[in-house]
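Please look over the sequence and the three-dimensional view that follow, and then read on as the text leads from one part to the next.

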Amino acid sequence: MSPKIDGFDPIPVDDVASGLRSSVEAFAQLAALLAVIRDKSPELSDARNLAALGWSVALDMENFAADTLERLQKGGIRQ
């Protein structure tokens, strides 16, 4: 077992993977919700533009979390 750092035990790799999996799912759900808002909002409205921006960010974050999870699963963690 690794020593505590600032009073905290090191986090298990499985906990990191679980957090990343949850992030992937949450960002995917957020992107889906924002896509519906975007598609149902009036054209050229602030709501549509903001939903489109949020959708893009949610997709980027979903991809980032998924890529990080894949790297964790295939390559592990290095400190």
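A good place to begin is L44, which lies in the loop between α1 and α2, where helices (H or I, at least four residues) and strands (E, at least two) are DSSP runs numbered from the N terminus. The model is a predicted one, in which local features need pLDDT of at least 70 and side-chain atom pairs count only at pLDDT 80 or more, while totals for chains, interfaces and linings use all residues. Residues are numbered from 1 along each chain as its sequence is written, and side-chain values use heavy atoms, with hydrogens and water left out.

L44 is exposed, with a relative accessible area of 79%; here buried means under 20% relative accessible area, exposed means over 50%, and partly exposed covers what falls in between, with a 1.4 Å probe and protein chains only. The phi of L44 is near 65°, a positive value in a residue other than glycine. As a general matter, most residues other than glycine have a negative phi.

In the loop between α1 (13-40) and α2 (46-75) one also finds S45. Is S45 buried or exposed? With a relative accessible area of 16%, S45 is buried, and a polar atom of its side chain lies 2.7 Å from the backbone oxygen of P42. A polar contact is a pair of N or O atoms within 3.5 Å; within protein, one must be able to donate a hydrogen and the other to accept it, and residues adjacent in sequence count only if both atoms are side-chain atoms.

From the loop we can turn to α1, whose 28 residues should span 40 Å at 1.5 Å a residue, and because its end C-alpha atoms are 41 Å apart, the span agrees with that expectation. The expected span of a helix is taken as 1.5 Å times one less than its number of residues. The buried residues of α1 are A17, L20, V24, A31, L34, A35 and R38, and what covers them includes α2, contact being counted when heavy atoms are within 4.5 Å. E25, by comparison, lies in α1 and counts as partly exposed at 49% relative accessibility. E25 and R38 are 13 residues apart in sequence, and their C-alpha atoms are 20 Å apart in space.

The other helix, α2, has 30 residues and reaches 43 Å from its first C-alpha to its last, close to the 44 Å expected at 1.5 Å a residue. Within α2, the residues A51, A58, E62, A65, L69 and L72 are buried, and the buried residues of this helix pack against α1. V57 has its place in α2 and is partly exposed, with a relative accessible area of 45%. Together with L50, L53, M61 and F64, V57 makes a nonpolar surface patch of about 510 Å². Patches are made of residues with over 30% relative accessible area and no salt bridge, like charges being joined within 9 Å and nonpolar side chains (Val, Leu, Ile, Met, Phe, Trp, Tyr) within 5 Å.

D67 also lies in α2 and counts as partly exposed at 44% relative accessibility; D67 and F8 are 59 residues apart in sequence and 27 Å apart in space, C-alpha to C-alpha. G75, found in α2 as well, is exposed, with a relative accessible area of 65%. After α2 comes G76, whose phi is positive, near 80°.

How many salt bridges does the structure hold? There are two, a salt bridge being a side-chain nitrogen of Lys or Arg within 4 Å of a carboxyl oxygen of Asp or Glu. In general, side chains of opposite charge can pair when their charged atoms come close. One salt bridge joins D39 with R38, the closest N and O atoms being 2.9 Å apart; R38 is buried, with a relative accessible area of 18%, whereas D39 counts as partly exposed at 48% relative accessibility. In another, the side chains of K74 and E70 meet at 2.7 Å, N to O. K74 and E70 both lie in α2, four residues apart, about one turn of the helix. K74 counts as exposed at 68% relative accessibility, while E70 is partly exposed, with a relative accessible area of 38%.

Note on methods. Accessible areas come from the Shrake-Rupley method with a 1.4 Å probe; for residues, only the protein chains shown count as cover.
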